[in-house]
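This briefing covers selected helix and strand arrangements in one protein model. Please have the sequence and the structure open while reading.

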Amino acid sequence: IKIKPYLNNLTTNGAITVTLNVKDETNAIIFHVKDIEIDRSSLKIRSVKSDNPLGITSQNYIEGEKYKIVLDEPLTKNIMYTLELTYVGHLNNHLQGFYRSHYEQLENDGVTTRYLASTQFSPTDARRAFPCFDEPSFKANFSIVIGRPSNMPSLSNMPLEKSDIDTVDKGWTWDYYQTTPKMSTYLVAFVVSDLQGYGSSDKLMKVWSRRHLISETTYAAEFAPKVLRFFENYFNITFPLPKIDIVAIPDFGYNAMENWGLITFRESALLYNEQDSDVDNKRSIATILAHELGHQWFGNLVTPKWWNDLWLKEGFATYLQYLGSDFAEPSWHINEEFIISETNRAFELDALESSRAISFDVKNSRQIRQTFDELSYGKGACIIRMMNHFLGENVFKIGLINFLNKYKYGNANREDLFAVLTEEAHKSGSLDKSMTIKDIMDSWTKQPGFPVVTAIADKANKKLILSQKRFLFTNQQNDSSTWWVPISIITDLDEKYHDTKPTVWLKNEPMVTINLNMSQWYLININQTGYYIVNYDESNWRKLTENIMNFPPLIRGQLISDSMDLARANLLDYDIPLKLLSRMAIRDSAIMFIPITITFKKLEYLSDVLANTPVFGLFEEFQSTVFKSTYRSVDSDTNYYSDDYLLQKIRKAVLKWSCRKTDSECAIRSHHKFRFWMEKNERVPPNLRDIVYCTAIRQGSEAEWNFAYNQYLRTASVSEKNVLLDALGCTTKRWLLSRYLDFLVHNDSSIRIQDAGRVFKSVSDNNVASTMAFDFLRMNWDKLLAHYGEGFNIISKMVKSLPRYMNTEYQLAELIRFKNEIRNNIGTASQAFDSTIEKVRGNVDWMKKNYHSVEKWLIEHRNYYNML
């Protein structure tokens, strides 16, 4: 590939020479192009054994995203040919393919706009940069030559081999890169920029950013080598390329992209500044870095054969990010956050009837883009974690190593993985030879959803009856799916909280009866290592409630999560989860991060669905009473910088709820801190900024909003910009919110394309403005599609932000009507509409079935909390 980008007029000149290994006799070559004009007169094809070109007919044509070259004579099977052509491409502003980015640079003579060109080829946009066979199974070796202005260095997947001054235009230089290993087109990458590089402790790595942000690359430069070496040791496979460049791109659609040897990032996902970045930002940088480095093996070295098994790389990278981050930052105990960050995230989408299997047929680019969702990432990681626990770490790890070695530099699908794991499991004896991984995992990968396992104890006969059924927030009676479910069990007589190996299997069957020796209580699915939730008989729920504080924090969080979801689905009376969390909140003097975070997350649904009802005051009284001691124990004026990771996370989780009431001490202090910033330039500590900014802007006037917006324009900190974008949506002034939304459809707006979903969500999350956000989307649908394109699911994210406060029949009808109106111009948002409509339908259903019972409970139990 030889390509030369012209940043000023948004074009590229390119030439390619492709070596073709012909597998079958054919008289046509079909490859992918998009927004590319091919010079037909430049087309040449010849046998590698002959200089004589073959005849090409005039019937060459573009059909959709494919270009077909028709030959006068057929190509011979098993003969190598070379194809040469030149073309003109386009640098676009949609952050897809080979595109232009920009940033403002402070120079001696003022602020100037600096441009750069970067790539984003996943999943199907390499065809925007050069004609290619743009499917993951067409792996090839790539030799890349980049023409670039002499004052703007380039980067690509491999190290630079040599540079030559252009013989015609002396202001241009040609960079020649070493040939890559065999890899898929979506992993090819190059950047032309004036970004600066910062070397890490590992000579293999360098981190790149804008010059004035180079100090913020330090954390990534220290963290990444640790994780890379961990994965090399874990897989016993040395990273196969001679270098890794890690680059922060000002305009970038995803958080990051795992291009082999040239990993590109959104700036906020890579750059860390202790003065402006909070604990969540640091955690995000760590996990995203670990995720992309995990891809260097799962995705790059071994690549899924087709996009129907996207989970095979994204699920593994998500699972691996916890292993890598835990190794590099052991004090965080980040593995314990898996249930919060991945399991609950996946459950939320997978508990909908509109959910899909994580392995399913995808046939075009739009369908492929829609697979980049919580299921491929979160559910994929969950079922991988489940395999680890029912096989055991050692067997699982050896199986992965065998898999990578068997298919390295090639492609594999889920059945290839299952076969290798089965072989190792049978060899070690960790899996009965009557069972295979395929038997087990097909039920988790080829059908949507997950089960609720219902357990009923027969104490008299020391038996336990287990049954399974698909868990759905609504329509519980309409699905007969079953799974191979690994059942781990402990009782009050055998408290082995770390023994997650299955005691018994529900082998794709609706029910099984087993022996059980217990005195008071029993627990199933220890530490939620299985991808399912559990409902118990009422007697056991009562015993678990009584003993809640005797269980480890992870179990406490699991019980609250399961019971709240079961109550939401009308499978359990709300009396159980509300008493569970009340008892824990009142008696938890230490405030453990996992259970308190899960509790607040699950209470958020109740808060949202009740927000516009007469009962909301009772709910606020309940939560403020139950968590009174929790709120008092977390001081917003302690030493923010010396606290460890978990204390910082706890403070953020608690203060977010403590500041909800305008007359709370937290809210009053927050407003004071913001005013001190406005009037005295006293900065708010990073770990309080999201709470302080939002609280002050919500309770403040136009002055607070304008001050925050001007700070957004001025600050060079990418993490600070994100906090401010979130906070600007917190105002209760509708005209300010309308102006904020209007920024999203103006080309001259200060809002970058990548941040549009964030801005829209900040307004949708504001109860005062949720209807306004929906109206904005309806009125501006065509503009938004044209402005943001179909990449990165930006519009889908906007649609998914809508249902938070929607719970009436009228709102449901309007949402359905809107989808029908745009059905011919829905882009990649069809699945987003399906899940959003179902969530609203679920909210409507909840109001019918649960509203009055929750109201009654809140009234009857006003005095209950003081008796615990």
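The axes of helix H2 (residues 279-295) and helix H3 (residues 311-328) come within 7 Å of each other and cross at roughly 125 degrees. The model is predicted, and the points below are grouped by topic.

**Helix pair H2 and H3**

- An angle from 115 to 145 degrees falls in the oblique range, and H2 and H3 are therefore oblique to each other.
- The crossing of H2 and H3 is right-handed.
- On the H2 side, the contact is made by Arg283, Ala286, Thr287, Ala290, His291, Gly294 and His295.
- On the H3 side, the contact residues are Lys313, Glu314, Ala317, Thr318, Leu320, Gln321, Tyr322, Gly324 and Ser325.

**Strand S17 and its surroundings**

- Strand S17 spans residues 205-209, and four of its five residues are buried, so S17 is largely enclosed by the rest of the structure.
- Buried here stands for under 20% relative accessible area.

**Pairing of S17 with S16**

- Strand S16 (residues 196-199) runs antiparallel to S17, and four bridges join the two.
- Within this pairing, Gly197 stands opposite Trp208 of S17.
- The connection from S16 to S17 is a hairpin through five residues.

**Pairing of S17 with S18**

- Strand S18 (residues 244-249) runs parallel to S17, and the two are joined by four bridges.
- Met205 of S17 has Ile244 of S18 opposite it.
- Helix H1 (residues 218-235) belongs with S17 and S18 to a β-α-β unit, and this unit is left-handed.
- S17 therefore has an antiparallel pairing with S16 and a parallel pairing with S18, while four of its five residues are buried, so it is largely enclosed.

**Three-stranded sheet S3-S7-S6**

- Three strands form an open sheet in the order S3-S7-S6, and their pairing is antiparallel.
- Strand S3 (26-32) and strand S6 (61-63) are the edge strands; each has a single partner strand, so one side of each is left without a neighbour in the sheet.
- On average, neighbouring strands of this sheet are turned by 35 degrees against each other, with direction ignored.
- S3 is joined to strand S7 (residues 66-75) by six bridges, and the two run antiparallel.
- Phe31 has Tyr67 in S7 as its bridge partner.

How values were computed. Residues are numbered from 1 along each chain as its sequence is written. This is a predicted model: local features need pLDDT of at least 70, side-chain atom pairs count only at pLDDT 80 or more; totals for chains, interfaces and linings use all residues. Side-chain values use heavy atoms; hydrogens and water are left out. Buried means under 20% relative accessible area, exposed over 50%, partly exposed in between (1.4 Å probe, protein chains only). Two strands pair if DSSP finds at least two bridges between them. A crossover is right-handed if, with the strands pointing away from the viewer, the path from the first strand over the helix to the second runs clockwise. Axes are lines fitted to C-alpha atoms, for helices over the stretch in contact, and angles run from 0 to 180 degrees between N-to-C directions. Angles under 35 degrees count as roughly parallel, over 145 as roughly antiparallel, 65 to 115 as roughly perpendicular and the rest as oblique. A crossing is left-handed if the near helix is turned anticlockwise from the far one by less than a right angle, and right-handed if clockwise. Contact means heavy atoms within 4.5 Å.
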